[in-house]
Amino acid sequence: MHKDLKKILIDEKSIINRCLELGQQITDDYKHDVEPPIFIALLKGSVPFLAELVKYVNLDIELDFMDVSSYAGGTESTRDIRILKDLDRSIKGKNIIIVEDIVDTGRTLLAVTKILENKGASGIKVVSLLDKPVRREVTVEVDYVGFEIPNEFVVGFGLDYAEKYRNLPYVGVLKDELY
Ligand code: IMP
């Protein structure tokens, strides 16, 4: 275990097994659709999860990426997000699966969903490695959840603290004195 962690919450094997289950479930849900979905991953945290998950999706999917950040000028209730990297292609009339690392307050997901709706996506679903439901401030639907976790600050498998720890192969809880 990394020295900055106080415990491992979800080990590597459990994450891989859960990705396999989610991949099979997504395959089942979309296998009768004429057009396979486009996976839109939110940079950077969702990259390790995306890479593991798509191995088990047995459909001719496409991948695209978006990078967004909270807009500092907004108030809590109207918080808006800034697009740092937009999609490479049109998604008009396409089925989308948004890939997230963690849904916390839900505000990022709500804002991204609105952006994709405005771009004309026909169906939007969400897959997230982690979900912290007790922290939710807005209503969002997460269709596929890897793991529900308690209200603790976690790092690893894509999740960072000050851009560190994204490369850990497991999800762990950072020692309190480090943040
Ligand atoms: P939301 O808009 O509050 O749902 O925030 C989602 C984003 O906050 C995630 O994509 C993460 O980047 C970040 N985040 C929330 N909780 C954690 C955590 O426990 N560890 C690391 N990043 C987190």
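## The six-stranded sheet

In this predicted model, Ser70 stands opposite Ile81 of strand β4. That pair belongs to a stretch where strand β3, residues 62–70, runs antiparallel to β4, the two being joined by four bridges.

Both strands are part of an open sheet of six strands, arranged in the order β4-β3-β2-β5-β6-β7 and with mixed pairing. Because β4 (81–85) and β7 (144–148) each have a single partner strand, they form the edges of this sheet, and one side of each is left without a neighbour in it. From one strand to the next, the twist averages 30°. As background, the strands of a sheet pair through backbone hydrogen bonds, in either a parallel or an antiparallel manner.

## Helices packed on the sheet

Helix α1, which spans residues 12–30, packs on the six-stranded sheet and touches β2 (38–42), β5 (95–103), β6 (123–131) and β7, while its direction makes an angle of about 160° with that of β7. Helix α3, formed by residues 107–118, lies across β2, β3, β4, β5 and β6, and runs at about 165° to β5.

Helix α2 covers residues 47–54, and Phe49, Leu50, Glu52 and Leu53 are buried within it. The buried residues of α2 pack against helix α1 and against strands β2, β3, β5 and β6.

## The ligand site

Around the ligand there are 16 residues, of which Asp101, Thr105, Gly106, Thr108 and Val154 come nearest. Two of these residues place polar side-chain atoms beside ligand oxygen atoms: for Thr105 the separation is 2.4 Å, and for Thr108, where the side-chain atom is an N or O, the separation is 2.5 Å. Asp104 contributes through its backbone instead, with a polar backbone atom 2.9 Å from an oxygen atom of the ligand. Taken alone, the ligand exposes 490 Å², and the protein buries 82% of that area.

## The three-stranded sheet

A further open sheet consists of three strands in the order β1-β9-β8, with antiparallel pairing. Here β1 (5–10) and β8 (154–155) are the edge strands, each with a single partner strand, so one side of each has no neighbour in the sheet.

Strand β9, residues 171–174, runs antiparallel to β8 and is joined to it by two bridges; within this pairing, Gly172 in β9 is the bridge partner of Val155. Strand β8 also has a link to the ligand site, since Val154, a residue of this strand, is among the residues that come nearest to the ligand.

Technical notes. Residues numbered from 1 in each chain as written. Predicted model: local features only at pLDDT ≥ 70, side-chain atom pairs only at ≥ 80, totals over all residues. Heavy atoms only, no water. Pairing = 2+ DSSP bridges. Axes fitted to C-alpha atoms, helices over the stretch in contact; angles between N-to-C directions. Contact = heavy atoms within 4.5 Å. Near = heavy atom within 4 Å. Polar contact = N/O pair within 3.5 Å; in protein donor to acceptor, adjacent residues only side chain to side chain. Areas by Shrake-Rupley, 256 points an atom, 1.4 Å probe, with all protein chains shown as cover. Buried < 20%, exposed > 50% of the residue type's maximum accessible area, 1.4 Å probe, protein only.
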